[in-house]
Amino acid sequence: MQLSEQEIVRREKLSKLRELGINPYPAALYPVDATSKSIKNDFEEGKQVVISGRLMSRRIQGKASFAELQDSEGRIQVYFNRDEICSGDDKTHYNDVYKKLLDIGDIIGVEGELFTTQVGEKTVMVKNFSLLSKALRPLPLPKVDADGKVYDEFNDPELRYRQRYVDLVVNPSVKDTFIKRTKITNSIREFYNKRGYLEVETPILQPIPGGAAARPFLTHHNALNIPLYLRIANELYLKRLIVGGFDGVYEFSKDFRNEGMDRTHNPEFTVMELYVAYKDYNWMMETTEQLLEKIALDATGATKVTVGDNEIEFKAPYARVPILEAIKIHTGFDVAGMNEVELREVAQKLGIEVDDTMGVGKLIDEIFGEKCEHYYVQPTFITDYPKEMSPLTKEHRDNPALTERFELMVNGKELANAYSELNDPIDQRERFEEQLKLSEKGDDEAMFIDQDFLRALEYGMPPTSGIGIGIDRLVMLMTNNSSIQEVLFFPQMRPEKKQVELTEEEKVIMDLLKPVGEISLAELKSKAGLSGKKWDKSMKSLNKHGLLKVVVDGDNKNVQLV
């Protein structure tokens with residue numbers, strides 16, 4: 001393992017601490033009785049406190065020093081005075097341990113007394129301190145020059161997502177997103193629990209991946225010698241519980257889909273699914289409006305939420321638009337009753353890429369997604385989907401070609417999907433068989449036939465309405481984040497590239513490229529200001545290590561960050 005100069009120095013300090021008889025990673029409980037927030041909120045001059053946290057800054061002036069300690073609730077100023085800490089002749093604890101052997105990022109415990117500085121800062125006068133954990137890597141803390149310009153901010157998205165533990169330390173505001181995420185899930189639980197619905201758990205490893213049209217992850221169970229799938233949805237298991245006699249069940253489900261990754265998709269994601277007996281999709285629309293209005297109030301304090309350049313109003317009621325009507329409005333094509341060939345022709349006229357594996361349902365879904373979805377910024381229920389799109393949904397009571405289904409669109413994306421659930425076992429079997437035909441045509445997202453679920457329906461499932469709400473997307477909306485990676489503690493990432501030691505010339509090029517991602521070759525070369533030989537050598541090395549690439553487009557040459 002190659003260590004930086006700072007990492008070598010910190011390991012040397014670690015050895016010196018041990019030589020002084022100080023355990024840099026003690027096992028004993030540390031009796032914390034206060035936090036930075038509680039000290040500020042309930043401040044009493046002279047009060048004795050015990051706090052702990054990371055050393056984030058310090059200003060040493062001989063035998064005295066002001067420093068900042070950061071805990072889970074913020075920062076507090078602490079004051080180290082040599083004579084307060086070392087009352088006897090031995091000044092080692094201050095002169096050597098504090099001044100020379102502690103570093104920014106170390107976790108320490110402080111026993112002290114509260115006082116207010118001459119400038120009015122609430123501060124802890126340190127009477128004693130203990131090292132609780134020595135940090136062997138330096139934190140990437142930003143620096144501010146005399147002109148107020150900030151350098152070395154830890155704001156590279158890839159590094160932030162890959163090293164979330166560092167991100168949370170040096171960018172404390174990131175915590176607010178995840179605190180709000182918990183408020184959102186607690187708000188949902190409170191809403192459903194008050195109505196008597198039961199929170200349950202269903203299997204993640206499933207013999208048949210059902211409940212959605214998606215490509216699953218496949219694994220193998222050695223003891224049983226059978227293939228198993230990570231669930232793509234928990235719908236069919238929750239409906240089994242409705243068959244079993246529960247009137248209302250819900251689950252916060254980790255689902256897994258072996259599909260693409262982008263700013264709104266992660267292969268592992270969280271969905272809340274609810275199923276309530278003796279209800280239909282009209283009732284579910286009204287209930288969903290009430291739920292989202294409550295979530296917005298609980299999470300943000302208002303029903304209007306700012307998302308990018310849009311202000312979204314979550315106060316009920318929401319518009320309701322049939323999907324075929326939406327397509328007609330936004331494309332000019334009336335696709336109602338069209339067969340597969342006709343729909344494929346419409347898609348091609350609209351410039352939508354299609355293939356022979358796509359049936360009626362997928363073609364309509366593609367047309368709506370490409371040409372209509374983005375128009376629905378304010379919460380809108382898109383309703384009454386064709387039967388081919390909805391193999392688990394009850395036939396529409398007024399039109400047998402449609403189903404009683406809605407998707408809730410917010411900010412141009414699907415947030416929720418809900419049905420009047422299909423409970424006719426014969427109809428359900430026929431729908432599954434249609435899905436099997438799609439699978440045989442090459443559609444790897446078509447549903448499997450779940451024989452046990454069909455058996456459950458044959459015992460009788462009451463009329464039921466169900467909904468799935470994407471929690472990650474909901475949190476994105478409530479926290480004004482445009483990327484799903486911002487609302488997941490640990491999003492899925494590509495394998496980490498082996499760290500490459502760059503020359504000074506290579507660093508110059510990368511520092512110019514990183515903020516913009518892409519730049520013309522001529523402009524980059526001009527800004528780098530390197531000699532021809534150094535430029536050629538650096539560019540060749542960076543390309544070899546896969547850090548950048550040169551893209552030729554006609555007469556233009558651009559350099560892209562990889």
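Is Y192 buried or exposed? At 2% relative accessibility, Y192 counts as buried, because anything under 20% falls in that class. Keep that tyrosine in mind as you go through the close-ups, which come from a predicted model.

**View 1. Helix α7 from end to end.** This helix covers residues 174-194, which makes 21 residues. At 1.5 Å a residue, α7 should span 30 Å, and its end C-alpha atoms turn out to be 31 Å apart, so the two values agree. Plenty of its side chains are tucked away: the buried residues include V174, F178, I184, I188, F191 and Y192. It's not just greasy names on that list, as R181, T177, T185 and S187 are buried too. Just after the helix comes G196, with a positive phi of about 85 degrees.

**View 2. Two tyrosines meet across the chain.** A pair of aromatic rings is described by the distance of the centres and the angle of the planes. This structure has 15 aromatic pairs by the rule used here. Take Y192 and Y250: their rings sit 5.2 Å apart, centre to centre, with 50 degrees between the planes, and the pair is classed as tilted. These two are distant along the chain, 58 residues apart, with Y192 in helix α7 and Y250 in strand β12 (residues 248-256). Y250 has a relative accessible area of 0%, so Y250 is buried.

**View 3. The aromatic cluster and an arginine over a ring.** Zoom out a little from the tyrosine pair and you'll find one aromatic cluster made of F191, Y192, Y197, Y250 and F252. One of its members, F191, has company: R195 lies over the face of that ring, 3.5 Å from the ring centre. You can spot a similar arrangement with R240, which lies over the face of Y237 at 4.5 Å from the ring centre.

**View 4. A nonpolar patch on the surface.** Now for the outside. Y165, F489 and F490 form a nonpolar patch here, and together they have about 380 Å² of accessible area. F490 belongs to the loop between α15 (471-479) and α16 (504-513). With 61% relative accessibility, F490 is over the 50% cut-off and therefore counts as exposed.

**View 5. Salt bridges inside helices.** A search of the whole structure turns up 39 salt bridges. An α-helix has 3.6 residues a turn, so residues three or four places apart point the same way. In helix α13 (residues 425-440), R431 and D427 are 4 residues apart, which means about one helical turn separates them. Their side chains meet in a salt bridge of 3.1 Å, N to O, and both R431 and D427 are buried. Helix α17 (residues 521-528) holds E523 and K527, also 4 residues apart, about one turn of the helix. The E523 and K527 side chains form a salt bridge at 3.0 Å, N to O. E523 is partly exposed, with a relative accessible area of 37%.

**View 6. One more bridge, and a network.** K91 and D83 have side chains that meet in a salt bridge of 3.4 Å, N to O. How much of D83 is accessible? Its relative accessible area is 34%, so D83 is partly exposed. Finally, look for K13, D103, D106 and K134, which are linked in a network of salt bridges.

Note on methods. Residues are numbered from 1 along each chain as its sequence is written. This is a predicted model: local features need pLDDT of at least 70, side-chain atom pairs count only at pLDDT 80 or more; totals for chains, interfaces and linings use all residues. Side-chain values use heavy atoms; hydrogens and water are left out. The expected span of a helix is 1.5 Å times one less than its number of residues. Buried means under 20% relative accessible area, exposed over 50%, partly exposed in between (1.4 Å probe, protein chains only). Rings of Phe, Tyr and Trp (its six-membered ring) pair if their centres lie within 6.5 Å; planes under 30 degrees apart count as stacked, over 60 as edge-to-face and the rest as tilted. A charge sits over a ring if NZ of Lys or CZ of Arg is within 6 Å of the ring centre and within 35 degrees of the ring normal. Patches are made of residues with over 30% relative accessible area and no salt bridge: like charges are joined within 9 Å, nonpolar side chains (Val, Leu, Ile, Met, Phe, Trp, Tyr) within 5 Å. Accessible areas come from the Shrake-Rupley method with a 1.4 Å probe; for residues, only the protein chains shown count as cover. A salt bridge is a side-chain nitrogen of Lys or Arg within 4 Å of a carboxyl oxygen of Asp or Glu.
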